[in-house]
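Hi,

Here is the structure I said I would pass on. Have a look through it, and my notes are below.

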Amino acid sequence: MSLQKKDDYDHSTWMQKKDLTVVEKTYLTILMWLDKRLRVVDYLELLENLYYKTNLQMPKSHTEQYNLDNKFWYWYPLYALGFFSTLAYVVAAVSGALLGFYYSPATTGDPSTAYNQVAFIMTDLNFGYMLRSIHRWSAQVMTAAVFLHMLRVYFTGSYKEPRELNWLIGIVLISLTMVFGYTGYLLPWDQLAFWAGQIGVEMSLSIPLAGEWVAQLMFGGFTLTQATLQRMYILHVFLLPFVVTTLIAIHIGIVWMQGIAEPH
Amino acid sequence: MSDDNDTTDDVRTDGSGPGIVPPDDEVPTWRERKERKQGLARLTYEYFERARREDQDLRQESSYVERDVLGFPTWPHEVIRNLAITCFFVGMILFLSATLPPHLGAPADPSSTPSIILPDWYLYWSFGLLKLGDLNPELAILGGEKLMADRTYGVLANIVVVGAIAIVPFLNKGSARRPVEQPFWAAVGVFGVTFAMTIAVLSIKNLVPMNTKLLQDLTFLLPFVTGAISYAVLKTMREGYMYDLNRRYYRLRPPK
(Lines give C-alpha, C1' and ligand atoms only; values in the text may rest on other atoms or scores of the structure.)
Protein backbone atom coordinates (compact mmCIF):
# COMPACT_ATOMS: atom_id res chain seq x y z
CA MET A 1 0.00 0.00 0.00
CA SER A 2 1.53 3.29 -1.00
CA LEU A 3 0.32 6.57 0.31
CA GLN A 4 1.09 9.77 -1.52
CA LYS A 5 3.23 12.17 0.45
CA LYS A 6 1.29 15.14 -0.87
CA ASP A 7 -1.89 14.45 1.03
CA ASP A 8 -0.20 13.97 4.39
CA TYR A 9 -1.97 15.73 7.28
CA ASP A 10 -5.04 16.10 5.06
CA HIS A 11 -7.01 13.53 6.98
CA SER A 12 -10.43 14.49 5.68
CA THR A 13 -9.47 13.88 2.05
CA TRP A 14 -7.86 10.64 3.05
CA MET A 15 -11.06 9.61 4.78
CA GLN A 16 -13.20 10.56 1.79
CA LYS A 17 -11.06 8.48 -0.54
CA LYS A 18 -11.53 5.43 1.62
CA ASP A 19 -15.29 5.26 1.01
CA LEU A 20 -16.26 4.40 4.58
CA THR A 21 -19.57 3.53 6.14
CA VAL A 22 -21.14 5.93 8.63
CA VAL A 23 -19.97 3.84 11.59
CA GLU A 24 -16.42 3.71 10.31
CA LYS A 25 -16.39 7.41 9.52
CA THR A 26 -17.68 8.40 12.95
CA TYR A 27 -15.23 6.06 14.63
CA LEU A 28 -12.29 7.36 12.64
CA THR A 29 -13.25 11.00 13.21
CA ILE A 30 -13.35 10.48 16.97
CA LEU A 31 -10.13 8.48 16.89
CA MET A 32 -8.35 11.20 14.93
CA TRP A 33 -9.71 13.95 17.16
CA LEU A 34 -8.48 12.17 20.28
CA ASP A 35 -5.19 11.11 18.70
CA LYS A 36 -4.39 14.61 17.56
CA ARG A 37 -4.74 15.81 21.13
CA LEU A 38 -3.58 12.89 23.24
CA ARG A 39 -1.35 10.90 20.88
CA VAL A 40 -3.34 7.75 21.59
CA VAL A 41 -1.11 5.97 19.12
CA ASP A 42 1.85 6.24 21.51
CA TYR A 43 -0.02 4.66 24.37
CA LEU A 44 -1.63 1.98 22.26
CA GLU A 45 1.77 1.12 20.91
CA LEU A 46 3.15 1.01 24.43
CA LEU A 47 0.42 -1.41 25.50
CA GLU A 48 0.92 -3.56 22.44
CA ASN A 49 4.62 -3.78 23.01
CA LEU A 50 3.93 -4.76 26.60
CA TYR A 51 1.74 -7.49 25.24
CA TYR A 52 4.40 -8.66 22.83
CA LYS A 53 7.48 -8.16 24.92
CA THR A 54 6.19 -8.54 28.50
CA ASN A 55 8.87 -6.26 29.86
CA LEU A 56 7.64 -3.07 31.40
CA GLN A 57 9.33 0.29 31.26
CA MET A 58 8.18 3.49 32.85
CA PRO A 59 7.00 6.05 30.35
CA LYS A 60 9.01 9.23 30.24
CA SER A 61 7.97 11.98 32.60
CA HIS A 62 6.63 15.08 30.96
CA THR A 63 9.83 16.97 31.71
CA GLU A 64 11.81 14.40 29.74
CA GLN A 65 9.27 13.96 27.01
CA TYR A 66 8.83 17.61 26.25
CA ASN A 67 12.37 18.72 27.01
CA LEU A 68 11.14 21.33 29.43
CA ASP A 69 13.93 23.50 30.70
CA ASN A 70 13.70 26.28 33.22
CA LYS A 71 10.77 27.88 31.44
CA PHE A 72 8.83 25.53 33.70
CA TRP A 73 9.49 27.88 36.60
CA TYR A 74 7.71 30.77 35.05
CA TRP A 75 4.76 31.70 37.26
CA TYR A 76 5.61 28.54 39.13
CA PRO A 77 3.67 29.20 42.36
CA LEU A 78 0.51 29.46 40.32
CA TYR A 79 1.36 26.23 38.55
CA ALA A 80 1.31 24.43 41.90
CA LEU A 81 -2.37 25.18 42.55
CA GLY A 82 -3.56 21.96 40.91
CA PHE A 83 -1.19 20.01 43.12
CA PHE A 84 -2.41 21.96 46.15
CA SER A 85 -6.01 21.03 45.49
CA THR A 86 -5.08 17.37 45.02
CA LEU A 87 -3.16 17.44 48.27
CA ALA A 88 -6.04 19.10 50.12
CA TYR A 89 -8.31 16.44 48.64
CA VAL A 90 -6.09 13.72 50.10
CA VAL A 91 -6.00 15.43 53.51
CA ALA A 92 -9.79 15.77 53.42
CA ALA A 93 -10.17 12.11 52.43
CA VAL A 94 -8.01 10.89 55.32
CA SER A 95 -9.62 13.13 57.96
CA GLY A 96 -13.05 12.35 56.50
CA ALA A 97 -12.47 8.62 56.80
CA LEU A 98 -11.54 9.15 60.46
CA LEU A 99 -14.63 11.32 61.05
CA GLY A 100 -16.71 8.57 59.48
CA PHE A 101 -15.90 6.36 62.48
CA TYR A 102 -17.90 8.64 64.76
CA TYR A 103 -20.63 10.16 62.61
CA SER A 104 -23.97 8.59 61.81
CA PRO A 105 -26.57 10.10 59.49
CA ALA A 106 -29.81 9.82 61.46
CA THR A 107 -32.39 12.53 62.16
CA THR A 108 -34.02 10.54 64.97
CA GLY A 109 -33.17 11.34 68.57
CA ASP A 110 -33.07 14.60 70.45
CA PRO A 111 -32.42 16.84 68.60
CA SER A 112 -30.95 14.36 66.10
CA THR A 113 -28.33 11.64 66.15
CA ALA A 114 -26.34 13.35 63.42
CA TYR A 115 -26.17 16.61 65.39
CA ASN A 116 -25.38 14.78 68.63
CA GLN A 117 -22.56 12.87 67.00
CA VAL A 118 -21.02 16.05 65.59
CA ALA A 119 -21.38 17.66 69.03
CA PHE A 120 -19.73 14.57 70.53
CA ILE A 121 -16.85 14.88 68.05
CA MET A 122 -16.47 18.57 68.86
CA THR A 123 -16.64 18.34 72.66
CA ASP A 124 -15.96 14.82 74.00
CA LEU A 125 -13.80 12.99 71.49
CA ASN A 126 -10.05 13.40 72.00
CA PHE A 127 -8.80 15.72 69.27
CA GLY A 128 -12.20 15.38 67.64
CA TYR A 129 -12.54 19.13 67.16
CA MET A 130 -9.14 19.08 65.46
CA LEU A 131 -10.25 16.28 63.17
CA ARG A 132 -13.37 18.12 62.09
CA SER A 133 -11.40 21.32 61.82
CA ILE A 134 -8.84 19.69 59.52
CA HIS A 135 -11.59 18.20 57.40
CA ARG A 136 -13.41 21.48 57.06
CA TRP A 137 -10.32 23.58 56.41
CA SER A 138 -8.88 21.21 53.86
CA ALA A 139 -12.22 21.30 52.07
CA GLN A 140 -12.21 25.09 52.10
CA VAL A 141 -8.61 25.22 50.91
CA MET A 142 -9.31 22.67 48.20
CA THR A 143 -12.19 24.72 46.84
CA ALA A 144 -10.15 27.91 46.94
CA ALA A 145 -7.21 26.21 45.23
CA VAL A 146 -9.48 24.75 42.56
CA PHE A 147 -10.96 28.17 41.78
CA LEU A 148 -7.52 29.79 41.60
CA HIS A 149 -6.26 26.86 39.53
CA MET A 150 -9.01 27.53 37.03
CA LEU A 151 -8.08 31.21 36.89
CA ARG A 152 -4.43 30.35 36.31
CA VAL A 153 -5.37 28.00 33.49
CA TYR A 154 -7.58 30.69 31.97
CA PHE A 155 -5.08 33.53 32.15
CA THR A 156 -2.15 31.50 30.82
CA GLY A 157 -4.26 30.20 27.94
CA SER A 158 -3.58 26.61 28.99
CA TYR A 159 -7.06 25.46 27.98
CA LYS A 160 -6.27 25.97 24.31
CA GLU A 161 -6.37 23.60 21.47
CA PRO A 162 -5.04 20.21 22.44
CA ARG A 163 -6.37 20.62 25.99
CA GLU A 164 -10.09 21.32 25.57
CA LEU A 165 -11.00 17.93 26.95
CA ASN A 166 -9.14 18.58 30.18
CA TRP A 167 -10.80 22.00 30.50
CA LEU A 168 -14.20 20.30 30.26
CA ILE A 169 -13.22 17.64 32.80
CA GLY A 170 -11.98 20.48 35.00
CA ILE A 171 -15.38 22.17 34.85
CA VAL A 172 -17.06 18.92 35.85
CA LEU A 173 -14.53 18.54 38.68
CA ILE A 174 -15.02 22.06 40.02
CA SER A 175 -18.79 21.52 39.97
CA LEU A 176 -18.43 18.19 41.78
CA THR A 177 -16.12 19.84 44.31
CA MET A 178 -18.90 22.30 45.08
CA VAL A 179 -21.43 19.45 45.33
CA PHE A 180 -18.98 17.78 47.71
CA GLY A 181 -18.90 20.93 49.80
CA TYR A 182 -22.66 21.31 49.71
CA THR A 183 -23.42 17.72 50.75
CA GLY A 184 -20.84 18.01 53.53
CA TYR A 185 -22.39 21.29 54.67
CA LEU A 186 -25.69 19.48 55.25
CA LEU A 187 -24.32 16.62 57.33
CA PRO A 188 -24.11 18.28 60.80
CA TRP A 189 -27.90 18.86 60.51
CA ASP A 190 -27.85 22.18 62.30
CA GLN A 191 -29.93 25.20 61.37
CA LEU A 192 -27.62 26.34 58.56
CA ALA A 193 -27.50 22.82 57.14
CA PHE A 194 -31.26 22.43 57.25
CA TRP A 195 -32.06 25.70 55.54
CA ALA A 196 -29.29 25.34 52.99
CA GLY A 197 -30.92 21.99 52.23
CA GLN A 198 -34.26 23.74 51.86
CA ILE A 199 -32.76 26.08 49.27
CA GLY A 200 -31.30 23.07 47.47
CA VAL A 201 -34.71 21.39 47.29
CA GLU A 202 -36.29 24.58 45.94
CA MET A 203 -33.49 24.98 43.39
CA SER A 204 -33.92 21.48 42.07
CA LEU A 205 -37.72 21.85 42.03
CA SER A 206 -37.36 24.90 39.81
CA ILE A 207 -35.44 23.04 37.11
CA PRO A 208 -37.79 22.93 34.10
CA LEU A 209 -39.40 19.54 33.32
CA ALA A 210 -37.09 17.34 35.40
CA GLY A 211 -37.39 19.33 38.64
CA GLU A 212 -39.53 17.00 40.75
CA TRP A 213 -37.63 13.98 39.57
CA VAL A 214 -34.29 15.59 40.51
CA ALA A 215 -35.64 16.60 43.93
CA GLN A 216 -36.80 13.04 44.56
CA LEU A 217 -33.49 11.59 43.44
CA MET A 218 -31.16 13.97 45.26
CA PHE A 219 -33.15 14.89 48.35
CA GLY A 220 -35.51 11.93 48.70
CA GLY A 221 -38.65 14.09 48.68
CA PHE A 222 -39.83 17.68 48.68
CA THR A 223 -39.26 18.27 52.39
CA LEU A 224 -36.15 17.53 54.37
CA THR A 225 -36.35 14.22 56.18
CA GLN A 226 -34.22 11.29 57.20
CA ALA A 227 -34.09 10.31 53.51
CA THR A 228 -32.44 13.64 52.66
CA LEU A 229 -29.70 13.26 55.23
CA GLN A 230 -29.13 9.66 54.21
CA ARG A 231 -28.77 10.60 50.56
CA MET A 232 -26.44 13.50 51.29
CA TYR A 233 -24.34 11.12 53.39
CA ILE A 234 -24.13 8.46 50.68
CA LEU A 235 -23.32 11.11 48.06
CA HIS A 236 -20.63 12.58 50.30
CA VAL A 237 -18.88 9.43 51.49
CA PHE A 238 -19.58 6.90 48.75
CA LEU A 239 -20.63 8.18 45.35
CA LEU A 240 -18.67 11.41 45.03
CA PRO A 241 -15.35 10.03 46.35
CA PHE A 242 -15.30 7.33 43.67
CA VAL A 243 -16.38 9.63 40.86
CA VAL A 244 -14.15 12.55 41.84
CA THR A 245 -11.09 10.38 42.50
CA THR A 246 -11.48 8.75 39.08
CA LEU A 247 -11.91 12.11 37.37
CA ILE A 248 -8.89 13.57 39.18
CA ALA A 249 -6.84 10.58 38.03
CA ILE A 250 -7.97 11.10 34.43
CA HIS A 251 -7.40 14.86 34.72
CA ILE A 252 -3.83 14.41 35.98
CA GLY A 253 -3.22 11.55 33.56
CA ILE A 254 -4.08 13.81 30.64
CA VAL A 255 -1.76 16.48 32.02
CA TRP A 256 0.95 13.82 32.16
CA MET A 257 0.28 12.79 28.56
CA GLN A 258 0.05 16.27 27.12
CA GLY A 259 2.66 17.99 29.23
CA ILE A 260 2.29 21.28 31.02
CA ALA A 261 1.20 24.16 28.83
CA GLU A 262 3.78 26.85 29.17
CA PRO A 263 2.83 30.47 28.73
CA HIS A 264 5.22 30.89 25.82
CA MET B 1 8.46 0.83 21.14
CA SER B 2 10.49 0.77 17.93
CA ASP B 3 9.98 -1.31 14.87
CA ASP B 4 13.64 -1.44 13.92
CA ASN B 5 15.14 -4.90 13.85
CA ASP B 6 18.78 -3.85 14.07
CA THR B 7 19.40 -5.54 17.41
CA THR B 8 23.10 -5.75 18.14
CA ASP B 9 24.87 -7.86 20.72
CA ASP B 10 25.33 -4.95 23.15
CA VAL B 11 23.72 -5.22 26.52
CA ARG B 12 20.56 -3.14 26.29
CA THR B 13 18.35 -1.90 29.04
CA ASP B 14 15.13 -1.80 27.11
CA GLY B 15 14.57 -5.51 27.38
CA SER B 16 15.31 -6.21 23.76
CA GLY B 17 18.47 -8.17 24.44
CA PRO B 18 18.69 -11.94 24.90
CA GLY B 19 16.84 -13.52 27.79
CA ILE B 20 13.25 -14.27 28.59
CA VAL B 21 12.17 -11.60 26.19
CA PRO B 22 11.41 -12.81 22.67
CA PRO B 23 13.77 -11.38 20.05
CA ASP B 24 12.73 -8.27 18.26
CA ASP B 25 11.93 -10.02 14.99
CA GLU B 26 9.02 -11.74 16.70
CA VAL B 27 7.41 -8.42 17.42
CA PRO B 28 5.09 -7.74 14.50
CA THR B 29 5.49 -4.48 12.67
CA TRP B 30 2.61 -2.07 12.20
CA ARG B 31 2.12 -3.41 8.71
CA GLU B 32 1.88 -7.00 9.94
CA ARG B 33 -0.50 -6.03 12.71
CA LYS B 34 -2.60 -4.14 10.20
CA GLU B 35 -2.73 -7.03 7.81
CA ARG B 36 -3.98 -9.38 10.49
CA LYS B 37 -6.96 -7.18 11.21
CA GLN B 38 -10.36 -6.60 9.70
CA GLY B 39 -12.84 -3.76 9.85
CA LEU B 40 -12.45 -1.05 12.47
CA ALA B 41 -9.29 -2.55 13.92
CA ARG B 42 -7.71 -2.47 10.48
CA LEU B 43 -8.82 1.11 10.02
CA THR B 44 -7.19 1.99 13.35
CA TYR B 45 -3.89 0.52 12.25
CA GLU B 46 -4.07 2.22 8.87
CA TYR B 47 -4.56 5.56 10.56
CA PHE B 48 -1.83 4.90 13.12
CA GLU B 49 0.65 3.81 10.48
CA ARG B 50 -0.02 7.07 8.74
CA ALA B 51 0.20 9.14 11.91
CA ARG B 52 3.52 7.50 12.77
CA ARG B 53 4.99 8.35 9.41
CA GLU B 54 3.79 11.92 9.66
CA ASP B 55 5.48 12.22 13.05
CA GLN B 56 8.69 10.88 11.57
CA ASP B 57 8.51 13.40 8.71
CA LEU B 58 7.99 16.22 11.17
CA ARG B 59 10.95 15.09 13.21
CA GLN B 60 13.18 15.05 10.16
CA GLU B 61 12.04 18.48 9.04
CA SER B 62 12.44 19.94 12.50
CA SER B 63 15.12 22.53 13.12
CA TYR B 64 15.00 21.96 16.85
CA VAL B 65 18.29 22.78 18.54
CA GLU B 66 19.20 20.54 21.44
CA ARG B 67 19.99 22.33 24.66
CA ASP B 68 22.59 21.37 27.22
CA VAL B 69 19.99 20.57 29.87
CA LEU B 70 17.23 18.43 28.44
CA GLY B 71 15.21 17.63 31.54
CA PHE B 72 14.86 18.62 35.12
CA PRO B 73 16.06 15.71 37.28
CA THR B 74 13.34 14.03 39.33
CA TRP B 75 15.72 13.23 42.15
CA PRO B 76 16.66 15.24 44.06
CA HIS B 77 15.36 18.44 42.46
CA GLU B 78 11.70 17.68 41.81
CA VAL B 79 11.24 15.40 44.80
CA ILE B 80 12.81 17.76 47.34
CA ARG B 81 10.83 20.67 45.98
CA ASN B 82 7.58 18.72 46.02
CA LEU B 83 8.21 17.47 49.56
CA ALA B 84 8.93 21.02 50.71
CA ILE B 85 5.76 22.30 49.10
CA THR B 86 3.72 19.41 50.51
CA CYS B 87 5.01 19.91 54.06
CA PHE B 88 4.43 23.63 53.91
CA PHE B 89 0.97 23.21 52.52
CA VAL B 90 -0.22 20.50 54.92
CA GLY B 91 1.30 22.52 57.74
CA MET B 92 -0.75 25.50 56.61
CA ILE B 93 -3.96 23.46 56.75
CA LEU B 94 -3.09 22.12 60.21
CA PHE B 95 -2.27 25.62 61.44
CA LEU B 96 -5.57 26.98 60.16
CA SER B 97 -7.46 24.07 61.73
CA ALA B 98 -5.80 24.50 65.09
CA THR B 99 -6.40 28.24 65.25
CA LEU B 100 -9.86 28.44 63.71
CA PRO B 101 -12.00 25.45 64.69
CA PRO B 102 -15.33 25.19 62.85
CA HIS B 103 -18.62 26.43 64.16
CA LEU B 104 -21.53 24.22 65.10
CA GLY B 105 -24.82 26.10 65.08
CA ALA B 106 -28.12 25.39 66.78
CA PRO B 107 -29.73 22.07 65.82
CA ALA B 108 -32.05 21.92 62.83
CA ASP B 109 -35.50 23.29 63.56
CA PRO B 110 -37.99 23.19 60.66
CA SER B 111 -40.39 25.52 62.51
CA SER B 112 -38.07 28.52 62.81
CA THR B 113 -36.47 30.03 59.72
CA PRO B 114 -33.27 31.87 60.60
CA SER B 115 -33.05 35.46 59.34
CA ILE B 116 -29.81 34.78 57.52
CA ILE B 117 -29.48 31.68 55.36
CA LEU B 118 -26.16 31.32 53.64
CA PRO B 119 -24.32 28.54 51.85
CA ASP B 120 -20.53 28.26 52.06
CA TRP B 121 -18.62 31.16 50.52
CA TYR B 122 -17.78 29.33 47.32
CA LEU B 123 -21.46 29.05 46.43
CA TYR B 124 -22.19 32.75 46.91
CA TRP B 125 -21.86 33.45 43.17
CA SER B 126 -24.40 30.76 42.39
CA PHE B 127 -26.63 31.98 45.23
CA GLY B 128 -26.39 35.50 43.82
CA LEU B 129 -27.50 34.29 40.39
CA LEU B 130 -30.60 32.84 42.05
CA LYS B 131 -31.50 36.32 43.23
CA LEU B 132 -31.63 37.90 39.79
CA GLY B 133 -35.43 37.82 39.67
CA ASP B 134 -35.49 41.57 38.96
CA LEU B 135 -33.89 40.95 35.59
CA ASN B 136 -36.36 38.26 34.60
CA PRO B 137 -37.93 39.65 31.43
CA GLU B 138 -41.66 40.31 31.38
CA LEU B 139 -43.45 39.83 28.12
CA ALA B 140 -46.04 42.35 26.95
CA ILE B 141 -47.85 39.58 25.06
CA LEU B 142 -48.38 37.66 28.27
CA GLY B 143 -49.85 40.77 29.86
CA GLY B 144 -46.73 41.62 31.82
CA GLU B 145 -46.45 38.12 33.18
CA LYS B 146 -43.03 36.60 33.54
CA LEU B 147 -41.99 33.95 31.08
CA MET B 148 -40.71 31.70 33.84
CA ALA B 149 -40.58 31.67 37.59
CA ASP B 150 -37.81 33.72 39.17
CA ARG B 151 -36.15 30.66 40.61
CA THR B 152 -36.18 28.85 37.26
CA TYR B 153 -34.53 31.94 35.83
CA GLY B 154 -31.87 31.73 38.55
CA VAL B 155 -31.12 28.07 37.83
CA LEU B 156 -30.91 28.84 34.10
CA ALA B 157 -28.49 31.70 34.84
CA ASN B 158 -26.22 29.18 36.57
CA ILE B 159 -26.36 26.84 33.58
CA VAL B 160 -25.61 29.71 31.20
CA VAL B 161 -22.56 30.80 33.21
CA VAL B 162 -21.11 27.28 33.41
CA GLY B 163 -21.84 26.72 29.71
CA ALA B 164 -20.11 29.96 28.78
CA ILE B 165 -17.00 28.85 30.65
CA ALA B 166 -17.15 25.43 29.00
CA ILE B 167 -17.10 26.72 25.41
CA VAL B 168 -14.15 29.07 25.88
CA PRO B 169 -11.54 26.69 24.39
CA PHE B 170 -13.71 26.21 21.32
CA LEU B 171 -13.91 29.96 20.73
CA ASN B 172 -10.39 31.03 21.60
CA LYS B 173 -7.80 29.15 19.59
CA GLY B 174 -4.26 29.89 18.50
CA SER B 175 -0.91 29.84 20.21
CA ALA B 176 -1.15 33.05 22.24
CA ARG B 177 -0.61 32.23 25.90
CA ARG B 178 0.09 35.32 27.94
CA PRO B 179 -2.56 37.88 28.83
CA VAL B 180 -0.55 40.57 27.02
CA GLU B 181 -0.73 38.58 23.83
CA GLN B 182 -4.52 38.48 23.92
CA PRO B 183 -5.87 41.54 25.74
CA PHE B 184 -9.45 40.78 24.77
CA TRP B 185 -9.60 37.34 26.39
CA ALA B 186 -7.70 38.54 29.43
CA ALA B 187 -10.27 41.33 29.75
CA VAL B 188 -13.05 38.76 29.48
CA GLY B 189 -11.36 36.84 32.30
CA VAL B 190 -11.08 39.93 34.49
CA PHE B 191 -14.73 40.69 33.72
CA GLY B 192 -15.67 37.17 34.84
CA VAL B 193 -13.65 37.31 38.06
CA THR B 194 -15.08 40.70 38.99
CA PHE B 195 -18.59 39.56 38.17
CA ALA B 196 -18.15 36.45 40.33
CA MET B 197 -17.14 38.71 43.21
CA THR B 198 -19.84 41.35 42.76
CA ILE B 199 -22.58 38.76 42.32
CA ALA B 200 -21.27 37.08 45.50
CA VAL B 201 -21.64 40.40 47.33
CA LEU B 202 -25.12 40.79 45.85
CA SER B 203 -26.08 37.40 47.28
CA ILE B 204 -25.48 38.74 50.79
CA LYS B 205 -27.12 42.10 50.06
CA ASN B 206 -29.03 42.09 53.34
CA LEU B 207 -25.66 42.11 55.15
CA VAL B 208 -24.08 44.85 53.03
CA PRO B 209 -24.60 48.35 54.38
CA MET B 210 -25.53 49.83 51.01
CA ASN B 211 -28.61 50.75 49.03
CA THR B 212 -29.82 47.58 47.30
CA LYS B 213 -30.53 49.32 43.99
CA LEU B 214 -27.07 50.88 43.97
CA LEU B 215 -25.52 47.53 44.84
CA GLN B 216 -27.35 45.86 41.99
CA ASP B 217 -26.23 48.52 39.52
CA LEU B 218 -22.65 48.21 40.73
CA THR B 219 -22.84 44.43 40.37
CA PHE B 220 -23.27 44.77 36.64
CA LEU B 221 -21.27 47.96 36.13
CA LEU B 222 -18.04 47.08 37.96
CA PRO B 223 -17.18 44.03 35.80
CA PHE B 224 -17.36 46.17 32.66
CA VAL B 225 -15.20 48.84 34.28
CA THR B 226 -12.47 46.43 35.41
CA GLY B 227 -12.65 44.58 32.10
CA ALA B 228 -12.24 47.80 30.12
CA ILE B 229 -9.37 48.96 32.33
CA SER B 230 -7.47 45.69 31.99
CA TYR B 231 -8.08 45.72 28.23
CA ALA B 232 -6.65 49.22 27.95
CA VAL B 233 -3.66 48.41 30.16
CA LEU B 234 -2.81 45.17 28.37
CA LYS B 235 -3.24 46.75 24.97
CA THR B 236 -0.79 49.46 26.01
CA MET B 237 1.71 46.98 27.42
CA ARG B 238 1.40 44.67 24.48
CA GLU B 239 3.83 46.30 22.10
CA GLY B 240 6.73 46.38 24.51
CA TYR B 241 6.13 42.82 25.65
CA MET B 242 5.82 41.44 22.16
CA TYR B 243 9.05 43.18 21.19
CA ASP B 244 10.80 41.55 24.13
CA LEU B 245 9.32 38.13 23.41
CA ASN B 246 10.21 38.28 19.74
CA ARG B 247 13.75 39.36 20.50
CA ARG B 248 14.23 36.42 22.83
CA TYR B 249 12.59 34.06 20.35
CA TYR B 250 14.82 35.10 17.47
CA ARG B 251 17.93 35.01 19.61
CA LEU B 252 17.12 31.38 20.39
CA ARG B 253 16.16 30.46 16.83
CA PRO B 254 17.86 32.88 14.43
CA PRO B 255 15.92 33.44 11.20
CA LYS B 256 17.31 31.49 8.26
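To start with the contact between the two chains: chain B puts 68 residues into it and chain A puts in 80. On the side of chain B that touches chain A, the elements supplying at least two residues each are α2 (39–61), α3 (74–99), α5 (150–166), α6 (168–171) and α7 (183–203) of chain B. By type, the residues on that side of chain B come to 44 nonpolar, 12 polar and 12 charged.

Before you read on, keep in mind that this is a predicted model. For the complex, the predictor gives an ipTM of 0.71 and a pTM of 0.74. Chain A has an average pLDDT of 85, with 86% of the residues at 70 or above. The stretch to watch there is residues 55–66 of chain A, where the pLDDT is below 50; it has 16 contacts in the model beyond near neighbours in sequence. For chain B the mean pLDDT is 79, and 73% of the residues reach 70 or more.

Now the two chains in outline. Chain A has 12 helices and zero strands. Of its 264 residues, 31% are buried. If you take the contacts in chain A with a separation of 6 or more, 65% are between residues 24 or more positions apart. Chain B has eight helices and two strands, and from the N terminus the order is α-α-α-α-β-β-α-α-α-α. Buried residues are 15% of the 256 in chain B. Among the contacts in chain B between residues at least 6 apart in sequence, 52% join residues at least 24 apart.

The helix I looked at most is α8 of chain A, residues 128–155. Its 28 residues should span 40 Å at 1.5 Å a residue, and the end C-alpha atoms are indeed 40 Å apart, so the expected and modelled lengths agree. How many of the residues of α8(A) are buried? The count is 20 of the 28, so this helix is largely enclosed by the rest of the structure. After α8(A) comes G157(A), which has a positive phi, near 65°.

Helix α6 of chain A, residues 81–100, also has a span close to expectation: its 20 residues reach 28 Å from first C-alpha to last, against 28 Å expected at 1.5 Å a residue. The buried residues in α6(A) include G82(A), F84(A), S85(A), L87(A), A88(A), Y89(A) and V91(A), and further along A92(A), S95(A), G96(A) and L99(A).

A88(A) turns up again in the largest nonpolar core, which has 58 residues. Along with M142(A), L187(A), W189(A) and A193(A), A88(A) is among those with the most contacts inside that core. Which elements give two or more residues to this core? From chain A they are α6, α7 (113–123), α8, α9 (164–186), α10 (191–205) and α12 (226–258), and from chain B they are α4 (124–130) and α7. The largest share, 12 residues, is from α8(A). A second core lies apart from this one; it has seven residues, among them V41(A), L43(B), Y45(B) and Y47(B).

W189(A) is worth clicking on. Leaving out neighbours within four places in sequence, W189(A) is in contact with T107(A), S112(A), A114(A), Y115(A), F194(A) and L229(A) in chain A, and with P107(B) and A108(B) in chain B.

There is also a helix pair across the two chains. α9(A) and α5(B) pack with their axes 9 Å apart, at an angle of about 150°. From α9(A) the contact uses L168(A), I171(A) and S175(A), and from α5(B) it uses V162(B), I165(B) and A166(B). Five of these residues are nonpolar, one is polar and none is charged.

One last spot is L132(B), in the loop between α4 and β1 (138–139) of chain B. Is L132(B) buried or partly exposed? It has 18 other C-beta atoms within 10 Å, and being buried takes 20 or more, so L132(B) is partly exposed. Not counting residues up to four places away in sequence, L132(B) touches Y153(B), G154(B) and A157(B). By contrast, M237(B) is 105 residues from L132(B) along the chain, and their C-alpha atoms are separated by 37 Å.

Best wishes

Methods
Residues are numbered from 1 along each chain as its sequence is written. Chains are lettered from A and ligands numbered from 1 in the order in which they are written. This is a predicted model: local features need pLDDT of at least 70, side-chain atom pairs count only at pLDDT 80 or more; totals for chains, interfaces and linings use all residues. Two residues are in contact if their C-beta atoms, placed from the backbone, lie within 7 Å. Helices (H or I, at least four residues) and strands (E, at least two) are DSSP runs, numbered from the N terminus. Ala, Val, Leu, Ile, Met, Phe, Trp, Tyr, Cys and Pro count as nonpolar, Asp, Glu, Lys and Arg as charged, and the others, Gly among them, as polar. The expected span of a helix is 1.5 Å times one less than its number of residues. A residue is buried if 20 or more other C-beta atoms lie within 10 Å of its own, exposed if 12 or fewer, and partly exposed in between; C-beta atoms are placed from the backbone. pLDDT is the predictor's confidence in each residue, from 0 to 100. A nonpolar core is a set of buried Ala, Val, Leu, Ile, Met, Phe, Trp, Tyr and Cys residues joined through C-beta atoms within 7 Å. Axes are lines fitted to C-alpha atoms, for helices over the stretch in contact, and angles run from 0 to 180 degrees between N-to-C directions.
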